[in-house]
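Student: Got a minute to go through a model with me? I'd like the fold first, then some side chains.

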Amino acid sequence: MEITWKHSFQQVEEILGVTDKPWIVNPFWEMDVSAQLDGKQLGDLPMEQMVQMHMMQDQPSIIDGFNFLRERIQAGGCLHNIWDDAQRAADPRKVQTGLYAFPVPGSKRFLLIIPGGGYFNVYSFIEGFPFARRCNALG
C-alpha cells in the first residue's frame with residue numbers, strides 16, 4: 001500500500017509493519033498531548049495536518065522517504081537492532097535504537113546518515129529516509 005498525506009503516523013506504522021517500534025515513524029509517540037487536541041494523540045492525526053502544525057519543509061520528500069522505507073522493509077533486511085534483547089531489557093533507553101541499512105546492489109560504497117533532532121526527537125522521516133532514497137538513486 002502506498003503511503004500518502006492522508007495516513008496518520010499510526011497508520012504508517014501499520015503499513016510498514018513496525019507497530020512494535022513506533023519511534024521509527026513517529027517521533028512524538030511518547031507524548032500525551034490529548035488535552036490540546038480534543039482527546040487525540042499526535043500519532044492519530046493525518047500527516048498532512050502534522051506537517052502544517054510543525055511547518056515541516058520539503059513535504060513531498062517525506063512521503064517519498066516513507067515509501068522508500070516501505071519498499072526496503074518489504075524487500076527484507078533493512079532494520080537491525082543494535083542491542084540484543086537482554087541489553088534492551090536492562091536499559092530501556094536502548095529500546096529506541098536501531099540501524100537502517102539500504103545497500104545499493106553491486107556497490108561496495110556506503111554512507112552513514114545520522115539524522116538530527118537533538119533538541120527534542122530524531123526526525124528520521126525528514127532528515128534520514130528522504131536523503132537515503134536520494135543517495136541510493138545516485139548509487
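Tutor: Here is a short walk through the chain, its aromatic rings and one loop residue.

Student: Ground rules?

Tutor: This is a predicted model, so local features need pLDDT of at least 70, side-chain atom pairs count only at pLDDT 80 or more, and totals for chains, interfaces and linings use all residues. Residues are numbered from 1 along each chain as its sequence is written, and side-chain values use heavy atoms, with hydrogens and water left out.

Student: How many helices and strands are in the chain?

Tutor: The chain has 6 helices and 2 strands. Their order from the N terminus is α-α-α-β-α-β-α-α. These are DSSP runs numbered from the N terminus: helices are H or I, at least four residues, and strands are E, at least two.

Student: What share of the chain is buried?

Tutor: Of its 139 residues, 33% are buried. Buried means under 20% relative accessible area, exposed means over 50%, and partly exposed is in between (1.4 Å probe, protein chains only).

Student: Which residues of helix 6 are buried?

Tutor: In helix 6 (residues 129–138) they are Phe129, Pro130, Ala132, Cys135 and Asn136. Their cover includes helix 3 (59–75), strand 2 (99–100) and helix 5 (124–127). After helix 6 comes Gly139, with a positive phi near 90 degrees.

Student: Now rings. How many aromatic pairs are there?

Tutor: The structure holds 5. The rings of Tyr100 and Phe129 have centres 5.1 Å apart and planes at 90 degrees, so that pair is edge-to-face. Rings of Phe, Tyr and Trp (its six-membered ring) pair if their centres lie within 6.5 Å; planes under 30 degrees apart are stacked, over 60 edge-to-face, the rest tilted.

Student: How buried or exposed are Tyr100 and Phe129?

Tutor: Tyr100 is partly exposed at 24% relative accessible area. Phe129 is buried at 2%. The rings of Phe102 and Phe129 also pair edge-to-face, with centres 6.4 Å apart and planes at 80 degrees. Phe102 sits in the loop between strand 2 and helix 5, 27 residues from Phe129 in helix 6.

Student: Which residues form the aromatic cluster?

Tutor: Phe68, Tyr100, Phe102 and Phe129 form one cluster.

Student: Switching topic. Where is Thr97?

Tutor: Thr97 is in the loop between helix 4 (85–90) and strand 2. Its relative accessibility is 24%, so Thr97 counts as partly exposed.

Student: What does its side chain touch?

Tutor: The side chains of Thr97 and Trp83 share a polar contact of 3.4 Å. A polar contact is a pair of N or O atoms within 3.5 Å; within protein, one must be able to donate a hydrogen and the other to accept it, and residues adjacent in sequence count only if both atoms are side-chain atoms.

How values were computed. Contact = heavy atoms within 4.5 Å.
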